[in-house]
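Welcome! Please take a moment to look over the sequence and the 3D view before reading on.

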Amino acid sequence: MPDNPNNLPATQPPLDRSAIERVLARASELQVASSATDQSGMLSEEELIAIAKEAGISPATVSQALAEERSRVTVHEEQGFIASITGPGIATASRTVKGNQDEVLALIDSWMQREESLRVQRRFPDRITWEPRSGFIGTIQRNLNVNGRGYHLVRATQVAATIIPVDAERVLVRLDADLSESRGARVRVGAGAIFAGILGSGSIAVIGSMLLAPDAFLILGGAAAIPTLAGAAAGYQIGRGHRDLVMRAQLALEQTLDRLEFGSTGRGR
């Protein structure tokens, strides 16, 4: 029987996804530790691609993952009672499409201004931010709504597009719509409705306590709960309405990416 100093079985079982991720992460650490030129605990893109290639992952796949990492925006995960009702304050969508950075950014800019009633807020080499178009022209465009789009992105304080090259033929497009200000306004209105309901209940309770007739007091006492319940229901529906707004904005972003991918944002016109 041949020696087996490592006590390993002759046939290794296949690794699941979690094991593969752990092995690759550890391989990256070992690669950095064995490098004499960089002891900072960081890997260059070339080193990462080389490690992935040895693991059987294509360079194109790694390039796309790197582009997604560079475009990633850290968004605090919202928790709590209010967030569970209203949903997130930001809608986001991303996709890899064919084209170069300048071309794709110009196409999105043209679409946002022409079809979404937005205007440029800031412009960078790889990123543009827009805000709702104000003034007479913007109002007329949205009120007429000839194309029936709905202009769901104009409720956002800011809409942003970030373009990251994946390779010579593809770019990663990330779109974000910041709806946190609109959500805050809904929360304040909803809280006002609840507070008004509580005041109404308090008023009824005071009137009931001033009446000497026991039967009338009991009737008014039961009725006192109605304004509070009505205010709570109204506040809930107002806050819940933000979820619909986020869903419509999310759909608008996805539709923009659809048109960009399939050539209907102005490409080829």
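The report below walks through strands, a buried core, salt bridges and a pocket.

## A predicted model

Please keep in mind that this is a predicted model. Every value given here was computed from that model.

## Three strands side by side

A good place to begin is strand S2 (118-124). S2 pairs with strand S3, residues 127-132, in the antiparallel sense, and six bridges hold the pairing. Between S2 and S3 the chain turns through a hairpin of two residues. On its other pairing, S3 runs antiparallel to strand S4, residues 158-165, over four bridges.

Which residues does Thr129 stand opposite in these pairings? Thr129 in S3 faces Arg122, and in S4 the bridge partner of Thr129 is Ala160. As general background, side chains in a regular strand alternate between the two faces of the sheet.

## A residue with positive phi

Just before S2, have a look at Ser117, which sits in the loop between helix H5 (101-115) and S2. The phi angle of Ser117 is near 60°, a positive value in a residue other than glycine. For background, most residues other than glycine have a negative phi.

Is Ser117 buried or exposed? With a relative accessible area of 0%, Ser117 is buried.

## The largest nonpolar core

The largest nonpolar core contains 30 residues. Val104, Ile108, Trp130, Leu153, Val159 and Val173 are the ones that touch the most other members. Several elements give two or more residues to this core: S1, H5, S3, S4, strand S5 (170-178) and H9. Which of them gives the most? That is H9, with seven residues.

In general terms, nonpolar side chains tend to be buried together in soluble globular proteins.

## Salt bridges across the chain

How many salt bridges does a search of the whole structure find? The search finds eight. One of them joins the side chains of Glu254 and Arg95, with an N to O distance of 3.0 Å. Glu254 belongs to helix H9 and Arg95 to strand S1 (residues 90-98), so this pair ties together parts that are 159 residues apart in sequence. Arg95 counts as buried at 18% relative accessibility, where the cut-off for buried is under 20%. Glu254, at 27%, is partly exposed.

Arg95 also forms a salt bridge with Glu261, and here the closest N and O atoms are 2.9 Å apart. This pair again links distant parts of the chain, with Arg95 in strand S1 and Glu261 in helix H9, 166 residues apart. Glu261 is partly exposed at 38% relative accessibility.

A further salt bridge lies between Arg119 and Glu131, whose closest N and O atoms are 3.0 Å apart. Arg119 is in strand S2 and Glu131 in strand S3, twelve residues apart. Both partners count as partly exposed: Arg119 has a relative accessible area of 34%, and Glu131 has 22%. Returning to Arg95, salt bridges that share partners join Arg95, Glu254, Asp258 and Glu261 into one network.

## The second largest pocket

The second largest pocket holds about 190 Å³ of space. Its lining is made of 13 residues, and those nearest the pocket centre are Phe81, Ile82, Ile85, Ile194 and Gly235. The elements giving two or more residues to this lining are helix H4 (81-86), helix H7 (180-210) and helix H9 (225-262). H7 provides the largest share, five residues.

What kinds of residues make up the lining of this pocket? Eight are nonpolar, four are polar and one is charged.

## A last look at H9

Helix H9 has come up as a giver of residues to the core and to the pocket lining. Ala225 lies in this helix and counts as partly exposed at 38% relative accessibility. How many residues apart in sequence are Ala225 and Gly197? They are 28 residues apart in sequence, while their C-alpha atoms are 8.8 Å apart in space.

Key
Residues numbered from 1 in each chain as written. Predicted model: local features only at pLDDT ≥ 70, side-chain atom pairs only at ≥ 80, totals over all residues. Heavy atoms only, no water. 1 Å grid on protein atoms, 1.4 Å probe; cavity = no way out; pocket = protein on both sides within 12 Å on 5 of 7 lines; lining within 4 Å. Points joined across faces, edges and corners; volume = space filled by probe spheres on them. Nonpolar A, V, L, I, M, F, W, Y, C, P; charged D, E, K, R; others polar. Buried < 20%, exposed > 50% of the residue type's maximum accessible area, 1.4 Å probe, protein only. Pairing = 2+ DSSP bridges. Salt bridge = Lys/Arg side-chain N within 4 Å of Asp/Glu carboxyl O. Core = buried A, V, L, I, M, F, W, Y, C linked by side-chain atoms within 4.5 Å.
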